[in-house]
Amino acid sequence: WFDERDRIAVADSAKIVGLNCLGVVNANTAAAIKYAIDGKASNHDSDIADGQAGDSSGKSTKPALKKSVSSKYRTQTVMFFDFGAGSATATIARIAVDAKTGAATAVKVLGHAWERDIGGRALDEVIIDRLASDFDEQRGSQATPSRQLPRVMMRLRKEAQRVREILSANTETQV
């Protein structure tokens, strides 16, 4: 999260090594630009007719496309979400696509938000609390609470990380 002074320092550093820096963007904006350059925004040609993609049940399965004022272009609004170890970032970008060629012609960031207190470590703590409570419940009220046992907490922390990694690609897992 660079402020203006940090951005100028990066641009000056680029100039020193002989690069022409046109601007400094954050990671999600760079992802939006790459998404457009890679042609992913142009892969939804069949969705132009009614402006929405969907399956037979009517549920949306792809990002909705909206026709712009000119029939020469159409737009696609996409969200880029980064759930990192220490923070979460979300960016909403609108990508303009040439209707004939399918090539992206512009990327406009509509909104960008960052939450520094939500991330993988915070999610680990929630999972650890849940596992510790369940573990204490199974052991009964007479046993020493798991939060006072360093070895147990170390194992629960390791299990919480494993669960978070599995849940990043799956909807459920066993603990």
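This report describes the fold, surface and side-chain pairs of a predicted model.

## Overall fold

The chain has four helices and four strands. From the N terminus, the order of these elements is α-α-β-β-β-β-α-α. Of the 175 residues in the chain, 23% count as buried. Among contacts with a separation of 6 or more, 42% are between residues 24 or more positions apart.

Helix α1 covers residues 4–16. Its 13 residues should span 18 Å at 1.5 Å a residue, and the end C-alpha atoms are 18 Å apart, so the two values agree. After α1 comes G18, which has a positive phi, near 90°.

## Surface and nonpolar patch

The exposed area of the chain is about 12,300 Å², with 53% of it supplied by carbon and sulfur atoms. On this surface, M79, F81, F83, I92, L110, I118, L123 and V126 make a nonpolar patch of about 700 Å².

Strand β2 (73–83) and helix α3 (120–139) each supply at least two residues of the patch. The largest share, three residues, comes from β2. Another patch member, L110, lies in strand β4 and is partly exposed, at 40% relative accessible area. F83 is partly exposed as well, at 37%.

## Residue A104

A104 is in strand β4, which covers residues 104–115. With a relative accessibility of 31%, A104 counts as partly exposed, because buried residues fall under 20% and exposed ones over 50%.

Apart from neighbours within four places in sequence, A104 is in contact with A36, I95, A96 and V97. The C-alpha atoms of A104 and I33 are separated by 9.3 Å, while the two residues are 71 residues apart along the chain.

## Aromatic pairs

A pair of aromatic rings is described by the distance of the centres and the angle of the planes. The model has two aromatic pairs. In one of them, the ring centres of Y35 and F80 are 5.6 Å apart and the planes stand at 80°, so the pair is edge-to-face. Y35 lies in helix α2 (residues 27–37) and F80 in strand β2, so this pair ties together parts that are 45 residues apart in sequence. Y35 is buried at 16% relative accessibility, and F80 is buried at 12%.

The rings of F81 and F83 have centres 6.3 Å apart and planes at 20°, so they form a stacked pair. Both residues also belong to the nonpolar patch.

## Salt bridges

The whole structure contains eight salt bridges. One of them joins the side chains of K34 and D38, at 2.7 Å from N to O. K34 is partly exposed at 48% relative accessibility, and D38 is partly exposed at 41%. A further salt bridge links R116 and D117, at 3.9 Å from N to O. R116 is exposed, with 58% relative accessible area, and D117 is exposed at 55%.

The side chains of D124 and R164 also meet in a salt bridge, at 2.7 Å from N to O. D124 is in helix α3 and R164 in helix α4 (residues 150–167), so the pair ties together parts that are 40 residues apart in sequence. D124 is buried, with a relative accessible area of 5%, whereas R164 is partly exposed at 24%. Elsewhere, D129, D136 and R147 are joined into one network by salt bridges that share partners.

Note on methods. Residues are numbered from 1 along each chain as its sequence is written. This is a predicted model: local features need pLDDT of at least 70, side-chain atom pairs count only at pLDDT 80 or more; totals for chains, interfaces and linings use all residues. Side-chain values use heavy atoms; hydrogens and water are left out. Buried means under 20% relative accessible area, exposed over 50%, partly exposed in between (1.4 Å probe, protein chains only). Contact means heavy atoms within 4.5 Å. Accessible areas come from the Shrake-Rupley method with a 1.4 Å probe; for residues, only the protein chains shown count as cover. The expected span of a helix is 1.5 Å times one less than its number of residues. Patches are made of residues with over 30% relative accessible area and no salt bridge: like charges are joined within 9 Å, nonpolar side chains (Val, Leu, Ile, Met, Phe, Trp, Tyr) within 5 Å. A salt bridge is a side-chain nitrogen of Lys or Arg within 4 Å of a carboxyl oxygen of Asp or Glu. Rings of Phe, Tyr and Trp (its six-membered ring) pair if their centres lie within 6.5 Å; planes under 30 degrees apart count as stacked, over 60 as edge-to-face and the rest as tilted.
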